[in-house]
Amino acid sequence: MIALKDVEFWFIVGSQYLYGAEALEQVAAHAEKMADGFNAAGRLPGRVVYKLVATTSDAIEQVIDDANHDKKCAGIITWMHTFSPSKMWIRGLGKLQKPYLHLHTQFNREIPNEAIDMDFMNLNQSAHGDREHGFIGARMRLPRKVVVGYWEDAAVQKKMAGWMRTAYGVLASRKVKIARFSDNMRDVAVTEGDKVETQIKFGWSVNTYPVGELVTYIDKVTETEIDARMKEYEKKYTMHTDDVDSVRYQAKMEIAMENFLVQGEFDGFVNHFDDLYGMEQLPGLATQNLTAQGYGFGPEGDWKVAALASVMKYIAQGEDKGTALMEDYTYNFTAHGESLILGAHMLEVCPSVAADRPRIEVHPLGIGGKAAPARLVFEGKAGSAVTASLIDMGGRMRLIVSDVEAVKPILPMPNLPVARVMWKPLPNLETAAEAWIIAGGAHHSVLSYSVTAEQLADWAEIMDIEFVHITRDTDIAKFKQNLLLADIAWKFR
Ligand code: MN
């Protein structure tokens, strides 16, 4: 997968011939200056490439055909410096397969009091032209992001940057490959789903490989390779165990899984504690260290959470403040709406969410019947975050996102041998959990301190799936009404 810093966003500026060649030259000069300004500001994760001043249907169709085919192009940014009649955009936009940002700005920040005349007005009329352009997007029901404001402002560029990351998540999503080292945990419903529909909608390829095949990779790992991985562990983590053999076995599994994933160009994987035939331990530290490199992971065969984690890690690439598989585990009910969720998993929480340097510990596992696995133990960091869960409603996918405030765990919990994160969902645990359960959200989710609800909403819109957001303003009666209306709406799509 191409790196985010190497992708391009094509800047297509709309106009028409009505204003004469001189005006079009000025429009082009302004557009070039803006593209240079965007790239020089250093706020955007990808590169803006000025393409053309579009004045004909043929030119628009050509640039969109090119954008569709160009592997580096992650999306288009349109802006109407002048008025560009939108019927001439229909043929091109009808073929667009890349994410689409409509930037509503103008070249000059303010109206020049003395200098303004009708020539100036005719050249600087985005307020007018972008409304014509907005109509055709609405009329064609195109998924698109509209960003409004002065192009040099940090707030505008920050919004563009967020969308660029989403667009990169769309590009990555089309190719996400998940290796399943197990089927779903027996009889569990929420981790199931339609893999064909998922591949049609998102592009995710999700296929099973026998655990025995992975075991042949484990058998091939050498002691020298394990020594090198142990050195990496010692650099990143604090050894808090005498059971070196257990840690070495995790290193062995990690190297084997990594070899398998690299060879098959996978973005993530799933396994299941009850399906480890030929393996001595459940991968804990091994999985954690792999997810820290960007792999998505799902336990108990949960391929949807693995693929979602992979996509969210792509969106956060290069500035991830923490994105991890999470599970709502147990509650701390306190008064005054301050109740907290304790999130954890059997072992596999990604150390990107750790507040401090993680410790490697070895403890027996209550289930699965295997040897005591080494794992990373840490507390999660405090801060604003989201939890996201993708479920199959039968006929459509639904992405549920909950805004949360993570806190430093309020209890030391010295006998809890796993990574843990504590958070308060907004507006409070009682309302948020009620909404989450009404909407059918899973026990597994992806917790992210980097990916925002806005990015996930935009991603869901482009992917043409339902998006449900639990916020500080969530009101259960309205929430239920919206789910009912969405259920009806989605039946007709
Ligand atoms: Mn689980």
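In this predicted model, E300 and H444 are both buried. These two residues belong to the metal site, with which this report opens.

**The manganese site**

The manganese ion has four donor residues named in the table below, at 2.1 to 2.2 Å.

| Residue | Donor atom |
|---|---|
| E300 | OE |
| E327 | OE |
| H345 | NE2 |
| H444 | NE2 |

Along the chain, the donors of the manganese ion are spaced according to the pattern E-x26-E-x17-H-x98-H. E300 is found in the loop that runs between β10 (296–298) and α12 (303–315), while H444 is part of strand β18 (residues 444–448); the pair therefore ties together parts that lie 144 residues apart in sequence.

**Cavities**

H444 also appears in the lining of a cavity. Across the whole structure, a search finds four cavities of 30 Å³ or more. The largest cavity has a volume of about 50 Å³, and its lining consists of V190, D302, K304, V305, L308, S389, L390, A442 and H444. Two elements, α12 and β15 (383–392), each give two or more residues to this lining. Of the elements, α12 gives the most to the lining of the largest cavity, namely three residues.

**Nonpolar cores**

The largest nonpolar core comprises 90 residues, and the members that touch the most other members are W204, F269, M279, L399, W459 and I465. A second core, separate from this one, has 36 residues, among them A23, F38, Y150 and L171.

W204 merits a closer description. Leaving aside residues up to four places away in sequence, W204 touches S173, V176, T198, Q199, K304, A307, L308, V311, L390 and W459. Of these contacts, W459 is itself listed among the core residues that touch the most other members. K304, L308 and L390, also touched by W204, are among the residues that line the largest cavity.

**A three-stranded sheet**

An open sheet is formed by three strands in the order β8-β13-β14, with mixed pairing. Its edges are β8 (238–239) and β14 (374–377); each has a single partner strand, so one side of each remains without a neighbour in the sheet. The pairing of β8 with strand β13 (residues 359–362) is in the parallel sense and runs over two bridges. Within β13, R359 is the bridge partner of T238.

**Summary**

The buried residue H444 coordinates the manganese ion and also lines the largest cavity. Helix α12 follows the loop that holds E300 and gives three residues to the lining of that cavity.

Definitions and conventions
Residues numbered from 1 in each chain as written. Predicted model: local features only at pLDDT ≥ 70, side-chain atom pairs only at ≥ 80, totals over all residues. Heavy atoms only, no water. Pairing = 2+ DSSP bridges. Helix = DSSP H or I, 4+ residues; strand = E, 2+ residues; numbered from the N terminus. Core = buried A, V, L, I, M, F, W, Y, C linked by side-chain atoms within 4.5 Å. Buried < 20%, exposed > 50% of the residue type's maximum accessible area, 1.4 Å probe, protein only. Contact = heavy atoms within 4.5 Å. Donors = N, O, S within 2.8 Å, 3.2 Å for Na, K, Ca; no water. 1 Å grid on protein atoms, 1.4 Å probe; cavity = no way out; pocket = protein on both sides within 12 Å on 5 of 7 lines; lining within 4 Å. Points joined across faces, edges and corners; volume = space filled by probe spheres on them.
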